[in-house]
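Please open the model in your viewer and keep the selection panel at hand. We will walk through it stop by stop.

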Amino acid sequence: FFLSSPGGHQWLPAGLVPHMLAILLAVPSTSCSAMQTLTLRSSKDQMPVVGLGLWKVPRETTADAVVDAIKAGYRHFDCACDYGNEAEVGQGLRRAIAEGLVTREQLWVTTKLWNTYHAPEHVLPALRRSLSDLGLEYVDLFLMHFPLAQRFVPFEVRYPPEWVYDPDAPTPTVELAPVPLASTWAAMEEALPAGLARNIGVCNFNTALLRDLLASATQPPSVLQVELHPYNQQPKLVRFAAQHGIAVTGFSPLGAGSYVELGMAGEQDSALRDPVIQSIAERLGVSAAQVVLRWAVQRGYSVVPKSSRPERLAQNLDLFGFELAPDDLAAIATLDRGKRFNDPGVFSEGMNAFLPIYD
């Protein structure tokens with residue numbers, strides 16, 4: 001795939017240089033308003049490299065948050081059935097379009113297939129439900145949320161169904177379903193000719209799962225979305241994706257923040273407090289968050305940070321007026337701890353289950 005900027009397309013070099021430097025890009029400095037994009041290989045659609053993550057945004061504030069983000073310059077919105085706020089996202093999008101702030105064609109909207117809808121007969125109905133909630137005829141990107149198939153929960157029973165199959169059971173737990181990932185993917189491919197999605201991809205896959213999917217897919221995944229931040233850099237996975245023309249999106253790009261209130265991380269886990277990040281930020285006159293997000297963009301992938309504060313929304317977009325030097329990139333590379341915050345092999349134990357997907 002390409003990285004696009006006002007200076008034109010640039011091929012992402014992969015597998016040409018040792019270690020993670022194989023996927024670093026030298027991108028030209030631009031103004032905040034000149035958003036860079038990744039051009040997806042199959043569709044040639046351009047995905048903005050910075051989007052707004054909508055996980056854990058309260059329903060009552062979601063519509064306003066979307067409108068505020070569009071006013072700030074955001075065009076990329078990362079949604080999911082499981083986030084429970086797609087109807088409110090839709091309200092915000094419709095309001096912004098009605099007010100003339102943006103057109104549908106200027107937006108990039110992603111949604112995700114939840115685990116309970118992996119059986120082929122449930123895939124497109126689940127997508128249509130998300131489209132109905134979002135008030136859209138199509139999404140720009142439709143992702144498989146996890147490489148886990150759960151027992152089906154009908155819409156009328158509970159939506160979104162979340163992880164636990166029956167919350168009222170004596171011992172509530174996650175119930176899995178024997179659905180091959182290849183079957184789910186084949187059903188997702190049908191969304192393309194049906195005009196329901198322009199691109200399809202996966203989340204939380206490792207290299208082995210990607211390799212297996214590529215061997216059977218008619219339409220290879222356009223995007224891989226995984227947890228990426230300085231404490232969880234996954235250089236081999238990012239490099240593998242680049243070698244196969246799969247664009248990468250990093251979720252939780254700022255690290256621990258979203259997980260502290262859930263008891264899944266501590267304040268000490270934040271890379272934003274790391275002396276290496278703080279030193280670079282001080283020297284460049286930018287925030288620690290801007291350093292971390294700029295680092296991600298220079299690695300060649302997109303990011304979907306979450307914020308509801310207007311000043312942070314603007315700051316997280318303002319990444320194109322400065323660059324990290326090679327020494328900065330090398331210093332940040334040393335911070336990798338393999339520290340993952342979103343791991344179903346850990347948090348599922350609180351649901352009387354054990355669902356490892358990372359070894």
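Where does N352 lie? Select N352 and you will find this residue in the segment after α12 (344–347). A word before going on: this is a predicted model. N352 is not a glycine, yet its phi is positive, at about 60 degrees. With a relative accessibility of 47%, N352 counts as partly exposed.

Now select N204, in the loop between β9 and α5. Here too is a residue other than glycine with a positive phi, near 60 degrees. N204 is buried, at a relative accessible area of 3%. Why flag such residues and, at the next stop, a peptide bond? Because most residues other than glycine have a negative phi, and most peptide bonds are trans.

The next stop is P160, in the loop between β8 and α4. Show the backbone from Y159 to P160: the peptide bond there is cis, with omega near -5 degrees.

Zoom out for a moment. The protein has 12 helices and 12 strands. Of its 359 residues, 58% are buried. If you draw a contact map, consider the contacts between residues at least 6 apart in sequence: 73% of them join residues at least 24 apart.

Move on to helix α4, residues 181–189. Which of its residues are buried? Select T184, W185, A187, M188 and E189. To see their surroundings, add β7 (108–113), α3 (120–134), β8 (141–144), β9 (200–203) and α5 (207–216), the elements against which the buried residues of α4 pack.

Keep α5 on screen and add helix α6 (residues 235–243); the two axes come within 10 Å and cross at roughly 20 degrees. An angle under 35 degrees counts as roughly parallel, so α5 is roughly parallel to α6. The crossing of α5 past α6 is left-handed. For the side chains involved, show T207, L210, R211 and L214 on α5, together with K236, L237 and F240 on α6; these residues make the contact. Coloured by class, the contact of α5 with α6 shows 4 nonpolar, 1 polar and 2 charged residues.

Last, the cysteines. How many disulfides are there? Taking a disulfide as a pair of cysteine sulfur atoms within 2.5 Å, the count comes to 0. Select C81 and C203 to finish: C81 is buried, with a relative accessible area of 4%, and C203 counts as buried at 1% relative accessibility.

How values were computed:
Residues are numbered from 1 along each chain as its sequence is written. This is a predicted model: local features need pLDDT of at least 70, side-chain atom pairs count only at pLDDT 80 or more; totals for chains, interfaces and linings use all residues. Side-chain values use heavy atoms; hydrogens and water are left out. Buried means under 20% relative accessible area, exposed over 50%, partly exposed in between (1.4 Å probe, protein chains only). Helices (H or I, at least four residues) and strands (E, at least two) are DSSP runs, numbered from the N terminus. Contact means heavy atoms within 4.5 Å. Axes are lines fitted to C-alpha atoms, for helices over the stretch in contact, and angles run from 0 to 180 degrees between N-to-C directions. Angles under 35 degrees count as roughly parallel, over 145 as roughly antiparallel, 65 to 115 as roughly perpendicular and the rest as oblique. A crossing is left-handed if the near helix is turned anticlockwise from the far one by less than a right angle, and right-handed if clockwise. Ala, Val, Leu, Ile, Met, Phe, Trp, Tyr, Cys and Pro count as nonpolar, Asp, Glu, Lys and Arg as charged, and the others, Gly among them, as polar.
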